[in-house]
Amino acid sequence: KFLSLLFLSLMENQAKNKASLQNSSKNQDVASKKIVIWPEWNEAEANLGHVAPKGKDKPKTPLPSAAGGLFEDPDGVKLPPSLVATSWKRPAEYITGNQIPVIVENADKASVDLITANSHLLHSQLICWVIGQLFALWRNRSIITVKEEGALQTPKEWCPWDHIYPVPKGSNVPLYNASGKYCIKLHWMGVWRKVIVDDRMPFDEANQMLLPRTCNTNELWPAILTKGILKIASLDYGGTNRLSELGQCSVVTML
């Protein structure tokens, strides 16, 4: 039923995607066009630069990067052509009430819902593909063997947030980084690589986030992980088919 929903959504919005893709040159969210070969993964390096929030209070609305010391990814991220952002916001700017930003709200959760809060994104071929493959991996997480530094470790249930760093020593749950800098562990061109992103999130003119999220609005892992995935996927949006957002991108291979 889940995969059928994704398929139907893709078909119903094919015409919309075609028009959007043909006008992709007007997309204002294009990051630097240079091709970056990301460095090979080094876990020690990935855990450097963590800044813990002060006290237990929600972080204040961030100042500009130069003044507030917040990390801003110089390369940015290129959204798929079907998504057009009108603003970019830090977590403290869109998380409301007394909620505190976290990477994952409950690391022992039994299910992950990436549909309920993301219906406005299902016209995007690439975002549907990301959500569908994350769901497929989640359903089979108990049989995925973790491999670190060339050695097979004790099998554990795979979790999507396992690819987000920094992670404190002795834990497997990534930390919220008050500086806004995260390292994403993704497999590309035969090796695990370190892809760096910041926590600025794109929003459309209706103030809807243009990256996947869960129903917990303070939970960041889907959007942070997707930003890393989009960096690699954007190298080949559509491949030779300019009416498609899907090139040779495989989320399963990356993760």
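This passage describes the fold, one helix pair, the cysteines and several loop residues of a predicted model.

The chain contains eight helices and seven strands. Of its 255 residues, 45% are buried. Contacts within the chain were also examined by separation along the sequence. Among those between residues at least 6 apart in sequence, 74% join residues at least 24 apart.

The packing of one pair of helices was examined in detail. Two packed helices are described by the angle between their axes and by the distance between those axes. For helix 6, which spans residues 125-139, and helix 7, which spans residues 221-233, the angle is about 120 degrees and the axes lie 12 Å apart. Helix 6 is therefore oblique to helix 7, because an angle over 115 degrees that is not over 145 falls outside the roughly perpendicular and roughly antiparallel classes. The crossing of helix 6 with helix 7 is right-handed. On the side of helix 6, the contact is formed by Leu126, Ile127, Val130 and Leu134, and these residues meet Leu225, Thr226, Ile229, Leu230 and Ala233 of helix 7. Sorted by class, the residues of this contact comprise eight nonpolar, one polar and no charged members.

The cysteines were considered next. A disulfide is a covalent bond between the sulfur atoms of two cysteines. With a limit of 2.5 Å between cysteine sulfur atoms, the count of disulfides in the model is zero. Cys128 has a relative accessible area of 3% and is therefore buried, since the limit for a buried residue is under 20%. Cys183 is likewise buried, its relative accessible area being 5%.

Several features of the backbone were found in loops. The peptide bond that joins Tyr165 and Pro166 is cis, with an omega of about 20 degrees. Pro166 belongs to the loop that runs between strand 4 (164-165) and strand 5 (181-188). Met189 is not a glycine, yet its phi is positive, at about 55 degrees. This residue is placed in the loop between strand 5 and strand 6 (191-198). With a relative accessible area of 56%, Met189 is exposed, because the exposed class begins over 50%. A positive phi also occurs at Asn207, another residue other than glycine, where the value is near 65 degrees. Asn207 lies in the loop between strand 7 (201-203) and helix 7. The relative accessibility of Asn207 is 47%, so the residue counts as partly exposed.

Further loop residues were described by their surroundings and by the distances between C-alpha atoms. Ile143 is located in the loop between helix 6 and strand 2 (147-148). Ile143 is exposed, with a relative accessible area of 66%. Between Ile143 and Trp158, which are 15 residues apart along the chain, the C-alpha separation is 8.1 Å.

The loop between helix 7 and helix 8 (251-254) holds Leu235, and Gln248 is likewise found in the loop between these two helices. Leu235 counts as partly exposed at 36% relative accessibility, whereas Gln248 is exposed, with a relative accessible area of 71%. The two residues are 13 apart in sequence, and their C-alpha atoms are 9.4 Å apart in space. A second distance from Gln248 leads to Ile232, which is 16 residues away along the chain; here the C-alpha atoms are separated by 10.0 Å.

Pro80 occupies a place in the loop between helix 4 (65-68) and strand 1 (87-89). Its relative accessible area is 0%, and Pro80 is therefore buried. The C-alpha atoms of Pro80 and Tyr237 are separated by 7.2 Å, although the two residues are 157 apart along the chain.

How values were computed
Residues are numbered from 1 along each chain as its sequence is written. This is a predicted model: local features need pLDDT of at least 70, side-chain atom pairs count only at pLDDT 80 or more; totals for chains, interfaces and linings use all residues. Side-chain values use heavy atoms; hydrogens and water are left out. Axes are lines fitted to C-alpha atoms, for helices over the stretch in contact, and angles run from 0 to 180 degrees between N-to-C directions. Helices (H or I, at least four residues) and strands (E, at least two) are DSSP runs, numbered from the N terminus. Angles under 35 degrees count as roughly parallel, over 145 as roughly antiparallel, 65 to 115 as roughly perpendicular and the rest as oblique. A crossing is left-handed if the near helix is turned anticlockwise from the far one by less than a right angle, and right-handed if clockwise. Contact means heavy atoms within 4.5 Å. Ala, Val, Leu, Ile, Met, Phe, Trp, Tyr, Cys and Pro count as nonpolar, Asp, Glu, Lys and Arg as charged, and the others, Gly among them, as polar. Buried means under 20% relative accessible area, exposed over 50%, partly exposed in between (1.4 Å probe, protein chains only).
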